[in-house]
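Trainee: Please walk me through the vocabulary for this one. I'd like to hear each label set against its cut-off.

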Amino acid sequence: MLVVNGTLVTFGENHRIIPSGAIRIQDGLISAVSATSDLREKYPGEEELDAGGKLVMPGLICAHTHFYGLFARGMSLGGEPPADFLQILERLWWRLDKALGLEDVRYSALVGLIDAIRNGTTMLIDHHASPRAIPGSLDVIAEAVNQAGVRCSLCYEVSDRDGPEATQAGLDENARFIAKVKSQKGLLAAAFGLHASLTLSDETLARAVEMAQSLDVGFHIHVAEGIADVHDSLQKYGFRVVERLADRDILGPKTIAAHCVHVDTHEMDILRQTGTRVVHNPRSNMNNAVGVAQVPEMLESSIEVGLGNDGFSNNMFREMKTAYLLHKLAREDPRVLGADQVLTMAIRNNAQTAGLFFPRRLGELAPGAYADIVFLDYIPPTPLTVGNLPWHVIFGVDGAHVSTTIVAGKVLMHNRELATLDEEEISARSRELAAKLWQRL
Ligand SMILES: [Zn+2]
């Protein structure tokens with residue numbers, strides 16, 4: 001198939017803007033990128049998808065999310081509002097996840113996947129918890145992912161907070177699912193999920209390391225998200241969180257460390273030296289009032305920080321805007337974290353993280369890369385160049401501009417019409433399930 005008549009924004013090593021550009025898609029991959037006239041001449045008679053002059057760019061990547069979080073939307077907790085992050089976990093998230101059954105898991109994933117397709121997010125790295133419905137929960141999400149046609153890496157968050165049986169079931173669910181997807185070459189991949197230092201004993205970490213090493217995968221874990229994680233680690237183990245996790249062999253180039261809000265300079269050195277993939281989630285951090293991650297410093301010290309949404313909407317344009325604004329305000333310095341750096345995090349660094357899971361390149365329009373492509377109905381009101389593109393994205397582009405979403409060469413949405421999922425039916429069922437779940441809380 002040829003995507004024709006697009007204003008291509010390629011990203012990648014050879015980043016350029018190609019007016020009236022075309023992309024040839026073959027077997028789920030991009031096989032050629034050039035002018036429309038050029039590719040039409042080379043491949044006459046090939047099926048065409050007309051981009052109608054829209055911006056065409058690689059699909060966005062979310063490096064940390066929780067599909068199940070969607071069922072918290074509009075939920076009333078009752079009583080006093082949580083006063084700190086630990087109370088947010090105890091009164092909201094750990095009540096919600098305990099109430100999830102497998103059908104809730106399926107529909108929260110489906111609704112999240114619709115949101116992803118609508119906002120041009122074509123690859124997500126999910127972190128799942130449903131302590132009363134652990135075995136098979138990743139299969140249920142995997143079925144939703146395959147139905148949607150989006151690319152995902154999944155994991156189950158192992159934690160000691162629900163007793164030894166749940167710990168064991170979580171470990172087993174990761175191991176089983178990782179082994180299962182390893183033999184497949186589809187849209188699915190897996191990491192070994194861990195909740196956070198404060199809910200994991202040394203014994204559980206040791207068992208997880210043994211299992212993950214034998215499966216040759218890295219971890220996906222929350223790191224120093226709130227100050228309580230640091231206090232817990234210092235008190236119980238005499239180490240700060242990153243020091244403890246490094247000492248227990250959790251960190252490394254295959255491991256995703258979400259948040260890293262409360263890390264000191266020594267811990268930043270450890271993150272860099274171990275090549276750990278740090279993921280920043282500014283909307284979540286602001287909502288939970290956990291603090292401001294030292295993202296500018298981490299980027300400066302060559303840590304390739306990426307961007308996740310931690311269960312907020314799958315509109316990664318919003319996450320980019322929030323990152324862009326947050327650090328300026330926090331430092332009272334408008335020079336901090338330029339739009340170019342934000343796009344490096346969202347596009348390049350996230351593509352590197354996604355590269356842990358898929359052998360071909362993501363986050364660029366180039367021959368050999370996956371054909372994960374979005375069209376944006378954005379008409380630039382000022383000149384658009386490779387140099388100023390990041391500022392157009394931050395100040396002008398939003399998820400609502402996404403008109404077409406393609407993953408692995410398959411069209412999942414065209415002109416805002418979803419091709420793989422029935423939004424009305426899924427949302428109706430999701431509302432029923434969420435209402436029942438809220439009653440169970
Ligand atoms: Zn999270």
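**Labels and their cut-offs**

Mentor: Let's start with a facing pair: Ile406 sits opposite Val411 of strand 17. Keep in mind that this is a predicted model, where local features need pLDDT of at least 70, side-chain atom pairs count only at pLDDT 80 or more, and totals for chains, interfaces and linings use all residues. Residues are numbered from 1 along each chain as its sequence is written, and side-chain values use heavy atoms, with hydrogens and water left out.

Trainee: What makes strand 16 and strand 17 a pair?

Mentor: Two strands pair if DSSP finds at least two bridges between them, a strand being a DSSP run of E with at least two residues and a helix a run of H or I with at least four, both numbered from the N terminus. Strand 16 and strand 17 (residues 410-414) are joined by 3 bridges and run antiparallel, so they pass the test. Strand 15 (residues 373-376) also runs antiparallel to strand 16, with 4 bridges, and there Ile373 stands opposite Ile406.

Trainee: How do you know that strand 16 is mostly covered?

Mentor: Buried means under 20% relative accessible area, exposed means over 50%, and partly exposed is in between, using a 1.4 Å probe and protein chains only. In strand 16 (residues 402-407), 6 of the 6 residues are buried.

Trainee: Which residue takes a positive phi in the hairpin of strand 16 and strand 17?

Mentor: Ala408, near 50°, in a hairpin with 2 residues between the strands. Most residues other than glycine have a negative phi. Ser20 is another such residue, with a positive phi of about 45°, and Ala224 has a phi near 45°.

Trainee: Are Ser20 and Ala224 buried or exposed?

Mentor: Ser20, in strand 2 (residues 17-26), has a relative accessible area of 41%, so we call Ser20 partly exposed. Ala224, in the loop between strand 11 and helix 7 (227-237), has 0%, so Ala224 is buried.

Trainee: Why is the site of the zinc ion called irregular?

Mentor: Donors first: they are N, O and S atoms within 2.8 Å of the metal (3.2 Å for Na, K and Ca), and with water not among the atoms, sites may look incomplete. His64 (NE2), His66 (NE2), His222 (NE2) and Asp310 (OD) lie 2.0 to 2.2 Å from the zinc ion, so they qualify. Four donors count as tetrahedral if all angles lie between 85 and 135 degrees; four count as square planar and six as octahedral if opposite donors are over 155 degrees apart and all others between 65 and 115; anything else is irregular. The angles among these 4 donor atoms run from 92 to 162°, so the tetrahedral range is broken and the site ends up as irregular.

Trainee: How are the donor residues spaced in sequence?

Mentor: H-x1-H-x155-H-x87-D. His222, in strand 11 (residues 219-223), and Asp310, in the loop between strand 14 (306-307) and helix 12 (316-331), are 88 residues apart and link distant parts of the chain. Both His222 and Asp310 are buried.

Trainee: What makes strand 6 and strand 9 edge strands?

Mentor: The open sheet has 4 strands in the order 6-7-8-9, with parallel pairing. Strand 6 (60-65) and strand 9 (188-190) each have a single partner strand, so one side of each is left without a neighbour in the sheet. The average twist from one strand to the next is 15°.

Trainee: What does helix 12 touch on that sheet?

Mentor: Strand 6 and strand 7, with its direction at about 75° to that of strand 6. Contact means heavy atoms within 4.5 Å, while axes are lines fitted to C-alpha atoms, for helices over the stretch in contact, with angles from 0 to 180 degrees between N-to-C directions. Helix 13 (residues 339-354) lies across strand 6 and strand 7 as well, at about 65° to strand 6.

Trainee: How many residues are in the largest nonpolar core?

Mentor: It has 119 residues, and Leu113, Cys152 and Phe192 are among those with the most contacts inside it. The term covers buried Ala, Val, Leu, Ile, Met, Phe, Trp, Tyr and Cys residues joined through side-chain atoms within 4.5 Å. Helix 3 (residues 102-118) gives the most to this core, with 9 residues.

Trainee: Why is Leu362 called buried?

Mentor: Its relative accessibility is 9%, so Leu362 counts as buried. Leu362 lies in the loop between helix 13 and strand 15, and its contacts include Ile61, Arg151 and Tyr370.

Terms used. Lists of a residue's contacts leave out its neighbours within four places in sequence.
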